[in-house]
Amino acid sequence: MTGADAVGAAAPGFSVAGVRLLGVVSALPRRRLENEAFVERLGAEAVADVVKMIGVESRYWVEDGQTASDLCFAAAQRLLAALDWDPASIDALIFVSQTFDQRLPATACVLHGRLGLASHCQAFDVGLGCSGYVYGLWLAASLIAAGCRRVLVLAGDTISRVVDPSDRATALLFGDAGSATAVEHAAEAPPAYFVLGTDGAGAANLIIPGGGFRQASHDPRRPAGMDPEHLFMDGGEVFAFTLRAVPKLVQDTLKRAGRSADQVDSFVLHQANQFMLRHLAKKIGAPERVPINIDRFGNTSSASIPLVLTNDLAARLVAEPVRLMLVGFGVGYSWGAALFDADPLGCAETVSA
Amino acid sequence: MSAFYEGLAEIFEIEPAAVGPSLVLADHNWDSLAVVSTLALVDECFNCLVEGAALARCERVSDIEALIAAA
């Protein structure tokens with residue numbers, strides 16, 4: 001059942017009953033880079049300045065030829081084995097990424113084939129980044145409300161492949177990761193709550209202008225000579241957006257669920273930047289319940305929320321019920337939050353791929 | 001000394017006593033990182049969000065204070 005209920009009827013957002021999170025697996029590539037790897041190109045002082053702000057000490061990057069779908073495939077294989085899910089029982093596969101394999105077909109279809117899923121299984125891509133994992137869960141919940149029984153959300157990105165190695169704003173910030181999340185119909189599951197939003201006026205502030213079908217127009221803020229297929233980020237603008245949007249998103253989601261911040265065990269925020277996360281954690285008023293792992297993995301775009309679940313929260317998630325608020329925000333601008341009362345998961349782990 | 005001036009001193013890596021309305025930002029590495037840090041500082045001290053581009057155009061501490069007053 002979706003729609004308004006008595007508690008939060010006046011608040012924006014949605015509730016979906018009968019949806020259970022069953023398990024999450026993240027996959028990291030094997031190549032680990034420390035900050036020293038960037039000193040030769042950017043200089044020790046620039047690296048130190050940037051690291052002070054973003055807080056990234058190491059990150060994992062794919063080798064040439066390895067893609068986000070490879071990472072998600074490895075995560076999905078492990079997840080299906082751990083939950084003992086028959087591939088034929090999966091009704092939908094959603095691939096959330098901005099670093100897909102080919103321009104067509106949808107990478108979800110390629111993954112469907114690699115995983116040997118059934119012909120009745122729908123498969124489609126969602127082209128969102130930092131907010132994408134929450135959108136994937138929202139779509140999974142909506143599909144379940146519409147009658148699907150089992151949905152696989154595969155979210156991952158390889159932003160290392162699109163950064164300009166000489167751009168200090170982005171070169172050190174990003175890591176690569178993939179993830180797989182199992183969502184299932186369970187009639188007795190309590191409602192999950194979702195609040196989602198968009199501000200397209202921010203589109204140009206975090207953008208890869210090339211590679212699509214529109215001629216990239218010149219943006220004077222872009223470093224001279226930067227390849228249009230490299231990522232441009234106006235860090236100040238994105239940060240200002242985050243300060244405007246995220247505390248309100250968290251408050252709106254609590255309001256929709258009829259809860260206070262004390263009634264959430266963990267606020268899992270997209271791992272955007274350590275300085276930003278610390279600031280947001282203070283604004284939310286619960287710094288001890290906002291896990292931060294960007295120091296170890298960098299900003300992994302659509303995979304950052306599952307990567308917190310499978311590292312920082314894994315032991316707890318498999319042992320006890322956890323009231324989770326998942327909060328994604330960024331490129332688009334796009335944002336979304338999901339509040340789940342998760343039963344103990346069948347699987348929460350990180351694998352190498 | 002206000003928390004705001006202390007925060008600015010930390011961002012500029014100077015003595016808090018050196019921060020005042022007439023401090024020239026360009027003399028203290030007023031780059032994008034400093035602007036972003038100041039955005040957060042203003043939010044923390046005054047619970048108010050100023051525009052990033054407007055903040056970047058500020059020349060002195062007094063200009064930042066005028067932005068805050070107008071927000």
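Of the 71 residues in chain B, 27% count as buried. Chain A has 353 residues, and there the buried part is 52%. Keep in mind that this is a predicted model. Here's a quick tour of the two chains, the place where they touch, and one helix pair inside chain A.

**Chain B**

- You'll find 4 helices and 0 strands in chain B, and along the sequence the pattern simply reads α-α-α-α.
- The radius of gyration of chain B is 11 Å, close to the 11 Å that the globule rule gives for 71 residues, so chain B is as compact as a globular protein of that length.
- If you're setting up a box, the C-alpha atoms of chain B fill one of roughly 25 × 20 × 20 Å along the principal axes.
- Take the contacts in chain B with a sequence separation of 6 or more: 45% of them are between residues 24 or more positions apart.

**Chain A**

- Chain A mixes its elements, with 10 helices and 16 strands.
- A compact globule of 353 residues would have a radius of gyration near 20 Å, and the 19 Å of chain A agrees with that.
- Along the principal axes, the C-alpha atoms of chain A fill a box of roughly 55 × 45 × 40 Å.
- Among contacts in chain A between residues at least 6 apart in sequence, 78% join residues at least 24 apart.

**Where the chains touch**

- The contact draws on 10 residues from chain A and 11 residues from chain B.
- On the chain A side, the elements giving two or more residues are α2 (44–54) and α6 (235–257). Of the elements there, α6(A) gives the most, with 7 residues.
- Sort that side of chain A by class and you get 4 nonpolar, 3 polar and 3 charged residues.

**The helix pair across the interface**

- The partner to look at in chain B is helix α2, residues 32–46, whose axis comes within 9 Å of the α6(A) axis, crossing at roughly 15 degrees.
- Why call α6(A) and α2(B) roughly parallel? Angles under 35 degrees count as roughly parallel, and the axes of these two cross at roughly 15 degrees, so the label fits.
- As for handedness, α6(A) and α2(B) make a right-handed crossing.
- From α6(A), the residues that meet α2(B) are G235(A), G236(A), F239(A), A240(A) and L243(A). Facing them from α2(B) are S32(B), V35(B), V36(B), L39(B), A40(B) and D43(B).
- By class, the contact of α6(A) with α2(B) comes to 7 nonpolar, 3 polar and 1 charged residues.

**Helix α3 of chain A**

- Helix α3 of chain A covers residues 68–83, and A81(A) is part of it.
- Is A81(A) buried or exposed? A81(A) is exposed, because it has 11 other C-beta atoms within 10 Å, and 12 or fewer is the cut-off for that class.
- A81(A) and C347(A) are 266 residues apart along the chain, yet their C-alpha atoms are separated by 9.9 Å.
- The axes of α3(A) and helix α4 (residues 107–115) of chain A come within 11 Å and cross at roughly 40 degrees, which means that α3(A) is oblique to α4(A).
- This crossing of α3(A) and α4(A) is right-handed.
- S69(A), C72(A), F73(A) and A76(A) are the α3(A) residues in play, and they meet T107(A), V110(A), L111(A), R114(A) and L115(A) of α4(A).
- The α3(A) and α4(A) contact breaks down into 6 nonpolar, 2 polar and 1 charged residues.

Terms used. Residues numbered from 1 in each chain as written. Chains lettered and ligands numbered in written order. Predicted model: local features only at pLDDT ≥ 70, side-chain atom pairs only at ≥ 80, totals over all residues. Contact = placed C-beta atoms within 7 Å. Nonpolar A, V, L, I, M, F, W, Y, C, P; charged D, E, K, R; others polar. Axes fitted to C-alpha atoms, helices over the stretch in contact; angles between N-to-C directions. Parallel < 35°, antiparallel > 145°, perpendicular 65-115°, else oblique. Left-handed = near helix turned anticlockwise from the far one by under 90°. Rg over C-alpha atoms; globule rule 2.2 N^0.38 Å. Buried ≥ 20, exposed ≤ 12 C-beta atoms within 10 Å, placed from the backbone.
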